[in-house]
Amino acid sequence: MTQKIESHPSTITAATTEPPQTTQELPITTTTAATTKKHKLTLIPLIFLIYFEVAGGPYGEEPAVKAAGPLLAILGFLIFPFIWSVPEALITAELSTTFPGNGGFVIWADKAFGPFWGSLMGTWKFLTGVINIASFPVLCISYLEKIFPVLSSGVPRKLAILGSTLFLSFVNYTGLTIVGYVAVALGIISLAPFIIMSLIAIPKIHPHRWISLGQKGVKKDWNLFFNTLFWNLNFWDNVSTMAGEVDNPKKTFPVALFSSVIFTCLGYIIPLLAVTGAVSVDQNDWDTGFMANAAEIISGKWLKFWIEIGAVLSAIGLFEAQLSSSAFQLLGMAEIAFLPKFFGLRSKWFNTPWVGIILSTAISLGMSYMDFQDIISSANFLYSLGMLLEFASFLWLRRKFPLIKRPYRVPMKLPLLVIMCLIPCGFLVFIMAIATKLVYLISGLMTVGGIGWYFLMNFCKSKKLLKFNSKVDDIYEE
């Protein structure tokens with residue numbers, strides 16, 4: 001049975017105040033006619049896009065060993081996915097299939113708590129996304145400068161960052177289908193050297209090294225340890241902003257998410273076991289990029305070079321996935337009237353959200369030339385705020401719409417769901433508690449700006465200064 005939904009310029013509310021005693025089904029919240037089936041994302045490209053939203057390879061897991069030693073790093077990448085990645089993926093699977101629109105988490109917060117919280121969720125997530133996008137071209141150039149030293153500083157470095165950002169943004173403009181298959185190719189090429197390294201390392205592994213708690217005299221750095229786990233295993237919900245572009249999202253999304261969880265966890269733990277078991281070095285050498293040095297120790301310079309090239313390709317994949325999420329988030333917010341219609345414009349040639357791509361690229365490009373370590377920490381803080389709101393939205397939607405048709409439903413009753421969400425929420429509060437005063441200040445200013453933006457958009461609607469979508473499709477058709 002399909003339930004009618006009343007249209008509203010900034011939100012969609014159920015026509016009845018109490019859920020009827022029949023199965024409810026809410027309409028899709030994005031206009032799908034503009035996206036023809038031949039341009040839809042299919043399962044395999046979607047798996048790799050999610051993979052690059054979250055990980056992009058075992059690059060960056062090394063500081064966990066430096067911070068706490070091999071045993072705790074191994075346990076962290078074995079246990080943390082179950083208390084963080086799996087709950088986030090489960091929630092994303094349920095909500096993305098129930099509300100399969102390009103607004104993603106914005107729609108969820110709006111449905112649960114109203115347009116103010118939906119808009120604030122959009123601000124937090126968008127700022128987090130574009131700040132992350134800014135780091136990937138810089139990472140690419142940082143690896144390439146080891147091969148081409150001229151890129152280490154000055155005008156050549158700035159031109160390289162500008163050129164790479166613009167080129168990668170153009171690739172994104174050509175469409176999600178192309179980006180999806182590019183992600184497949186990048187994933188295979190960037191993961192291959194780690195598979196080879198792990199196989200070569202097998203005869204050299206000494207299992208007793210896995211149970212080491214670290215060198216004597218090396219103090220545990222819990223801040224670095226938990227932040228490393230957090231950044232390597234989050235952003236599962238980012239793909240929700242592209243739900244309207246997925247072929248048969250109700251079936252494809254759960255399979256893609258759960259496949260990506262397994263794929264990502266194995267991609268981290270297998271190389272970590274291989275290198276910690278086969279290589280004995282000073283614990284302080286486990287900085288970001290150490291995997292390339294370990295490859296040289298295990299097999300030679302040729303494998304080190306391949307892993308360094310793989311790091312560049314991984315950064316490209318991360319850039320494309322994150323830019324797609326940010327651009328389609330703006331498109332989705334325009335479709336449900338959180339932003340003016342202009343933000344929802346698509347390319348006539350590739351059907352991509354060109355306004356969102358240009359805006360996201362421009363903001364990230366400006367940040368690429370800044371020393372933004374504290375801003376990155378602020379992005380971490382804003383992401384934590386967004387995730388707390390996301391967990392709350394998930395639980396409240398279960399209570400608010402108990403009988404709504406959910407193509408995928410987390411197989412737990414509400415009390416167990418609360419427990420499932422409390423564990424990652426506790427970790428989010430911990431991440432926020434250890435932030436610096438400057439991070440609190442920057443995050444507070446960004447949040448105030450987001451609140452101001454919400455009221456500015458409402459003022460523009462009331463005075464009809466800008467054009468907004470007035471409604472969405474009333475009926476969801478299979």
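Which residues of the largest nonpolar core touch the most other members? Hi everyone, let me start there. This is a predicted model, so please hear everything I say with that in mind. The core counts 131 residues, and the ones that touch the most other members are Trp84, Met197, Val275 and Phe394. Helix α11 gives this core its largest share, 16 residues. Apart from that core lies another, made of 5 residues, including Ile141, Leu151, Ala160 and Ile161.

Let me stay with Phe394 for a moment. If we set aside its neighbours within four places in sequence, Phe394 is in contact with Ile91, Glu94, Leu95, Val410, Leu417, Met420 and Cys421. One name on that list takes us to the charged pairs: Glu94.

Glu94 forms a salt bridge with Arg398, with 2.9 Å between the closest N and O atoms. Arg398 sits in helix α13, residues 373–400, and Glu94 in helix α3, residues 70–98, so to speak a link between distant parts of the chain, 304 residues apart. Are these two buried or exposed? Arg398 counts as buried, at 7% relative accessibility, and Glu94 counts as buried too, at 0%. Arg406 also belongs here: Glu94, Arg398 and Arg406 are linked in a network of salt bridges.

How many salt bridges does a search of the whole structure find? The search finds 7. Let me show you two more of them.

In one, the side chains of Asp287 and Lys66 meet, at 2.6 Å from N to O. Asp287 lies in the loop between α9 (249–278) and α10 (290–298), while Lys66 is in helix α2 (residues 62–68), so this pair ties together parts that are 221 residues apart in sequence. Both ends are partly exposed: Asp287 has a relative accessible area of 36%, and Lys66 has one of 26%.

In the other, Glu245 pairs with Arg346, and the closest N and O atoms are 2.9 Å apart. Here both partners come from loops: Glu245 from the one between α8 (222–232) and α9, Arg346 from the one between α11 and α12, so the pair ties together parts that are 101 residues apart in sequence. Glu245 and Arg346 are both buried.

That loop brings us to helix α12, residues 354–368. At 1.5 Å a residue, its 15 residues should span 21 Å, and the end C-alpha atoms are indeed 21 Å apart, so expectation and model agree. Which residues of α12 are buried? They are Val355, Gly356, Ile357, Ser360, Thr361, Ser364, Leu365, Met367 and Ser368. As for partners, the buried residues of α12 pack against α5 (115–144), α6 (154–173) and α11 (301–335).

Last stop, the surface. There is a nonpolar surface patch of about 820 Å², made by Leu75, Leu78, Ile79, Phe82, Ile83, Met412, Leu416, Ile419 and Ile423. Which helices each supply at least two of its residues? Those are α3 and α14 (414–433), and the largest share, 5 residues, comes from α3. Met412 is found in the loop between α13 and α14, and at 30% relative accessibility Met412 counts as partly exposed.

If you have the model open, you could follow α3 from end to end: Glu94 on this helix takes part in the network with Arg398 and Arg406, and α3 also supplies 5 residues of the nonpolar patch. Thanks for listening, everyone!

Key. Residues are numbered from 1 along each chain as its sequence is written. This is a predicted model: local features need pLDDT of at least 70, side-chain atom pairs count only at pLDDT 80 or more; totals for chains, interfaces and linings use all residues. Side-chain values use heavy atoms; hydrogens and water are left out. Helices (H or I, at least four residues) and strands (E, at least two) are DSSP runs, numbered from the N terminus. The expected span of a helix is 1.5 Å times one less than its number of residues. Buried means under 20% relative accessible area, exposed over 50%, partly exposed in between (1.4 Å probe, protein chains only). Contact means heavy atoms within 4.5 Å. A salt bridge is a side-chain nitrogen of Lys or Arg within 4 Å of a carboxyl oxygen of Asp or Glu. A nonpolar core is a set of buried Ala, Val, Leu, Ile, Met, Phe, Trp, Tyr and Cys residues joined through side-chain atoms within 4.5 Å. Patches are made of residues with over 30% relative accessible area and no salt bridge: like charges are joined within 9 Å, nonpolar side chains (Val, Leu, Ile, Met, Phe, Trp, Tyr) within 5 Å. Accessible areas come from the Shrake-Rupley method with a 1.4 Å probe; for residues, only the protein chains shown count as cover.
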